[in-house]
Amino acid sequence: NSYYCNKLLCRFCNWHGNLFSYMRKVTILFFLCLLVGIVIAQPSQTIIINEDSIQKVKADSINKLAESPDFIHVSLLWVSAGNKVYTASGHSALRLECPSNNLDITYTFEMNLSMGSIMQFFNGTAPAGYVSAPTQMFIDSYRKEGRGIKAIKLNLSPREKQNLWKYLDSEFEKGPQWKFDYMHNGCSSMTVNALYQCLDDGSEIDFRNFEDFKDSSYRGVLPDLFMLSPWVHLFWNGIMGTDGEESKPFEGKLYPAVLFRESQHMVVIDSLHNERSLTIGDAYELKKAETTDVPFPVTPTICFGILCLLAIVATITEYKYGYHTLQRVTDIILLSIQTLPGIGLLYLLLFSQQVGTSWNWLVIAFNPLPLLTWLTVRKKKGIYMKCKTVMATALLIFMLCYPFIPQLHYNALMLLCSSFVIRLISVRFINR
């Protein structure tokens, strides 16, 4: 019996030992699984921390790169004059480059012709704003016209360059929010405005060598601006009313060629009164002009001088031989010149919101009244003669005001008014 008891006891102990060993293995396996689960559960949080760290490192590296003077390059661009009325003064733009990000964008302020029209320009309601384009596309847009493009680098701080890019991008996103007018919101004045917006607090641009230019009126800059385009000069002098005698704001008179030329003499003065030149280095050519700037040979002075001579010949021959084809052609030409521009000037004076059209002295000489008089009372010789006498007297007084009205300081206009007077007073001496 003791043998069987001992044997049974041994079997129990062996089974118990196996059970203990099994439970120990299960326990170890359980804790191993628990540990693996904890490890597996942790990486998602670790990855987020790593991503945030990476983004922070990248942002810090970009900020450090942006603090380099060579991270962004800013250049002032000048486009040579075109052959249209609204391109004869040239064009201004800003070029911004970021070589490390392969960015090369040109920003410019212009009237949006896709949304507006020429009539909206004359009404003073044409939409305008900052637009952008890849620089190569900007250059190619002037290739067909054969216009040249020059550039000069601007000496702005890294922060000012970033501010400029942010400002131009934000204005571009807003779309055409301005109303285009040639005296205040032009391409050059708005280019200067963008530079004002990007300067550090307390800094300002000092326009050196501009004292005479600052004191001149808007009309006073026209002869230099349109030296090679006398007909364009006549056009702008004609539509610019008495507002053209103003001299402020100064930036409005900075037409493209002057802004580009004089930018090399401008300086930036910071809050501590330290000065630095606005530009770096010399101007360079982005695109060579394919056309040469040659003055138009037939100027308004020559043309209206010939017309005045024609009026004299027509009057003399009418006195001797009567009213024939020469006299009739001369009167039709003069009547057309008086009437057609006169309608335009009256429209600007009465209906336009465009800056510079508050009052225009030329409506005294150019208006539809002579045509209306001819249409209504030409058969009533007594009344017709009196009407012509009154108009001739008004024109003579108008011409005598030449020293006091800057708008008349244009020889071609005086020749044209003389032609009108000659044909008007001829009725007093010739019995038709």
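A cavity is a set of grid points where a 1.4 Å probe fits but cannot get out. In this predicted model, the largest cavity holds about 60 Å³ of space.

Ten names make up its wall. Leu76, Leu154, Val192, Leu195, Ile205, Phe207, Leu259, Ser263, Met266 and Leu278 line the largest cavity. By class, this lining has 9 nonpolar residues, 1 polar residue and no charged ones.

How many cavities of 30 Å³ or more are there? The count is 2. The second largest cavity has a volume of about 40 Å³. Its lining consists of Ala93, Leu94, Tyr107, Thr108, Phe109, Tyr130, Leu168, Thr191 and Ala194. E2, E3 and H6 each give two or more residues to this lining. E3 gives the most, with 3 residues. Of the residues around the second largest cavity, 7 are nonpolar and 2 polar, with no charged residues.

Now turn to the open space. The largest pocket has a volume of about 1200 Å³. It is lined by 46 residues. Nearest its centre lie Tyr86, Gly90, His91, Phe180 and Cys187. Several elements give two or more residues to the lining, including strand E3 (103–111), strand E4 (127–134) and helix H6 (187–198). Helices H3 (118–123), H4 (135–141), H8 (222–225) and H9 (230–239) also do so. Which element supplies the largest share of the pocket lining? That is E3, with 5 residues. The pocket lining divides into 28 nonpolar, 12 polar and 6 charged residues.

Next, the backbone. Most residues other than glycine have a negative phi. Asn102 has a positive value, near 55°. Asn102 sits in the loop between strand E2 (91–98) and E3. Is Asn102 buried or exposed? Its relative accessibility is 74%, so Asn102 counts as exposed, the cut-off being over 50%.

His273 also has a positive phi, near 70°. The loop between strand E8 (267–269) and strand E9 (275–277) holds His273. At 67% relative accessibility, His273 counts as exposed.

Last, the confidence of the prediction. The protein chain averages a pLDDT of 82, and 82% of the residues score at least 70. Two stretches need care in reading. Over residues 1–9 the pLDDT is below 50, and this stretch makes 0 contacts in the model beyond near neighbours in sequence. Residues 41–62 also have a pLDDT below 50, again with 0 contacts beyond near neighbours in sequence.

Methods:
Residues are numbered from 1 along each chain as its sequence is written. This is a predicted model: local features need pLDDT of at least 70, side-chain atom pairs count only at pLDDT 80 or more; totals for chains, interfaces and linings use all residues. Side-chain values use heavy atoms; hydrogens and water are left out. pLDDT is the predictor's confidence in each residue, from 0 to 100. Contact means heavy atoms within 4.5 Å. On a 1 Å grid over the protein atoms alone, a cavity is a set of points where a 1.4 Å probe fits but cannot get out, and a pocket is an open set with protein on both sides within 12 Å along at least five of seven lines; lining residues have an atom within 4 Å of a point. Grid points are joined across faces, edges and corners, and a volume is the space filled by probe spheres set on the points. Helices (H or I, at least four residues) and strands (E, at least two) are DSSP runs, numbered from the N terminus. Ala, Val, Leu, Ile, Met, Phe, Trp, Tyr, Cys and Pro count as nonpolar, Asp, Glu, Lys and Arg as charged, and the others, Gly among them, as polar. Buried means under 20% relative accessible area, exposed over 50%, partly exposed in between (1.4 Å probe, protein chains only).
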